Amino acid sequence: MYGPDPANSHPMEGFPQVCFIKNTVKNPNIIIGDFTYYDDPEDSQNFERNVLYHFPFIGDKLIIGKFCAIAKGVQFIMNGANHSMAGFSTYPFYIFGNGWEASQPQPGDLPYKGDTVIGNDVWMGYQALIMPGIHIGNGAIISSRSVVTSDVPAYSVVGGNPARVIRQRFDDETISTLEKLAWWDWPVEKITQHLPAIISADLKALPDE
């Protein structure tokens, strides 16, 4: 076998704080790619506690690609956190009943930003916060304690509150080529064969297809 077993849901031997999370999540609306890991010495197998306000009746999904590195404390705010802003008060009276349930919002009344989609090979730093409906491109780096309120281009480095693009990791032509190669979708044997080129940014050493 080439590489570690992506189906392993237990902490890594020698790295007890690291766990592949694909097989630790039970919520069908959280979809995780192979080899994506969560690093947390307190409980790396309980990644779901970082997905907040994710109510099944809303139906939004958190989709994270392959080979992502997610640091301790990274959190995802989902659409269930939203309150109506159309009236004078944003207070959710209806959840307390006792006559207030008549103020229950109707479908479409609450802000809805759609699914949150994280690409492949994304590195998300310590305590980064991702807001609802955000799309993060392949190969992006999210700096520690960033608050991501808008989409993140592929292979960019973002940071701050709100997060802004600090720089592109590579030139446009290289990024376009990497997106087309999509090495994360290769068979593990092929990734292993070309691993030196992948980790050294040797584009010429990578196959054309």
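## Salt bridges, cores and sheet in a predicted model

Lys72 counts as partly exposed, at 24% relative accessibility. The structure described here is a predicted model.

### Salt bridges

Lys72 forms a salt bridge with Glu42, with N and O 3.1 Å apart. Glu42 lies in the loop between S3 and strand S4 (51-52), whereas Lys72 belongs to the loop between strand S6 (69-70) and strand S7 (75-77), so this pair ties together parts that are 30 residues apart in sequence. The Glu42 end is exposed, at 61% relative accessible area.

The count of salt bridges in the model is five. Among them is the pair of Lys22 and Asp34, whose side chains meet at 2.7 Å, N to O. This pair links distant parts of the chain, 12 residues apart: Lys22 is in the loop between strand S1 (18-20) and strand S2 (30-32), and Asp34 is in the loop between S2 and strand S3 (37-39). Both ends are partly exposed, Lys22 with a relative accessible area of 35% and Asp34 with 24%.

Asp185 and Lys66 form another of these bridges, with their closest N and O atoms 3.1 Å apart. Here the partners are 119 residues apart: Asp185 sits in the loop between helix H1 (172-181) and helix H2 (188-193), and Lys66 in the loop between strand S5 (62-64) and S6. Asp185 is partly exposed at 47%, and Lys66 is partly exposed at 26%. Elsewhere, shared partners join Asp40, Glu42, Arg49 and Lys72 into one network of salt bridges.

| Salt bridge | N to O distance |
|---|---|
| Lys22 and Asp34 | 2.7 Å |
| Glu42 and Lys72 | 3.1 Å |
| Asp185 and Lys66 | 3.1 Å |

### Nonpolar cores

The largest nonpolar core holds 28 residues, and those with the most contacts inside it are Phe47, Ile64, Phe76, Met124, Ile136 and Ile142. Two elements, S2 and S5, give two or more residues to this core. Leaving aside residues up to four places away in sequence, Phe47 touches Ile21, Val25, Ile30, Ile32, Tyr38, Leu62, Ile64, Ile70 and Phe76. A second core, separate from that one, has 12 residues, including Ile175, Leu178, Ala182 and Leu206.

### Sheet

Strands S2 and S5 also belong to an open sheet of four strands, in the order S2-S5-S8-S11 and with parallel pairing. At its edges are S2 and strand S11 (135-136), each of which pairs on one side only. Strands of a sheet pair through backbone hydrogen bonds, in either a parallel or an antiparallel way. S2 and S5 run parallel and are joined by three bridges. Within this pairing, Ile30 stands opposite Leu62 in S5. Ile30 and Leu62 are both among the residues that Phe47 touches.

### Cysteines

The search of the whole structure finds zero disulfides. Cys19 is in no disulfide, and the nearest cysteine sulfur to its own is that of Cys68, 15 Å away. Seen from the other side, Cys68 has its closest cysteine sulfur in Cys19, and the 15 Å between them is too far for a bond, because a disulfide needs the two sulfur atoms within 2.5 Å. Cys19 is buried, with a relative accessible area of 0%. Cys68 is buried as well, at 1% relative accessibility.

Key
Residues numbered from 1 in each chain as written. Predicted model: local features only at pLDDT ≥ 70, side-chain atom pairs only at ≥ 80, totals over all residues. Heavy atoms only, no water. Salt bridge = Lys/Arg side-chain N within 4 Å of Asp/Glu carboxyl O. Buried < 20%, exposed > 50% of the residue type's maximum accessible area, 1.4 Å probe, protein only. Core = buried A, V, L, I, M, F, W, Y, C linked by side-chain atoms within 4.5 Å. Contact = heavy atoms within 4.5 Å. Pairing = 2+ DSSP bridges.
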